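Q: Please take a close look at one helix and the residue that comes after it. Set that part in the context of the whole chain.

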Amino acid sequence: MREQHHIISYRTLTLVWIALLVLTVVTVLVTRFDLGGYRVLVALAVASLKAGLVIAVFMHMKHEGRLLRALLFVALVAIAVNIGFTFFDVLYR
């Protein structure tokens with residue numbers, strides 16, 4: 001099997017890094033506002049976006065084939081379902 005190396009420019013890496021910093025600031029700012037139950041939802045959405053950026057750019061997943069991306073998607077959905085069941089378990093005790 002032949003490996004292909006994808007070179008990502010410093011500009012792209014810097015932009016993603018800045019985006020991650022901005023999203024971190026957004027996560028901190030969300031805790032300052034009274035959004036009720038939506039605070040956790042917004043924080044999880046921002047965290048998911050940050051994880052997506054890291055997986056796509058720093059882990060080079062955007063250059064991988066469809067099969068590997070589909071397997072990653074299935075794994076992430078399985079993890080999300082397990083975390084969701086854990087939240088339901090904690091909520092209804």
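A: The radius of gyration is 17 Å in this predicted model. A compact globule of 93 residues would have a value near 12 Å. The C-alpha trace spans about 50 × 30 × 15 Å along its principal axes.

The fold is simple to list. There are three helices and zero strands. Along the sequence the pattern reads α-α-α. Of the contacts with a separation of 6 or more, 51% join residues 24 or more positions apart.

Next, burial and surface. Buried residues make up 10% of the 93 residues. The accessible surface comes to about 8000 Å². Carbon and sulfur atoms hold 71% of that surface. As for charge, the protein has 9 positive and 4 negative charges. The mean positions of these two sets are 8 Å apart.

Now the helix itself. Helix α2 covers residues 38-58, which is 21 residues. From its first C-alpha to its last, α2 reaches 29 Å. At 1.5 Å a residue, 30 Å is expected, and the value for α2 is close to that.

Which residues of α2 are buried? They are Val46, Ile55 and Val57. Their cover includes α1, residues 10-30, and α3, residues 66-91. Both of those helices thus appear among the parts that cover the buried residues of α2.

After α2 comes His60. His60 sits in the loop between α2 and α3. What is the sign of phi at His60? Phi is positive there, near 60 degrees, and the residue is not a glycine. Most residues other than glycine have a negative phi.

Is His60 buried or exposed? Neither label applies, because its relative accessibility is 28%, and buried means under 20% while exposed means over 50%. His60 therefore counts as partly exposed.

To put the part together: α2 spans residues 38-58. Val46, Ile55 and Val57 are its buried residues, with α1 and α3 included in their cover. His60 then follows α2 with a positive phi, in the loop that lies between α2 and α3.

Methods: Residues numbered from 1 in each chain as written. Predicted model: local features only at pLDDT ≥ 70, side-chain atom pairs only at ≥ 80, totals over all residues. Heavy atoms only, no water. Helix = DSSP H or I, 4+ residues; strand = E, 2+ residues; numbered from the N terminus. Rg over C-alpha atoms; globule rule 2.2 N^0.38 Å. Buried < 20%, exposed > 50% of the residue type's maximum accessible area, 1.4 Å probe, protein only. Contact = heavy atoms within 4.5 Å. Areas by Shrake-Rupley, 256 points an atom, 1.4 Å probe, with all protein chains shown as cover. Lys, Arg positive; Asp, Glu negative; His and termini not counted. Charge placed at Lys NZ, Arg CZ, Asp CG, Glu CD. Expected span 1.5 Å × (residues − 1).
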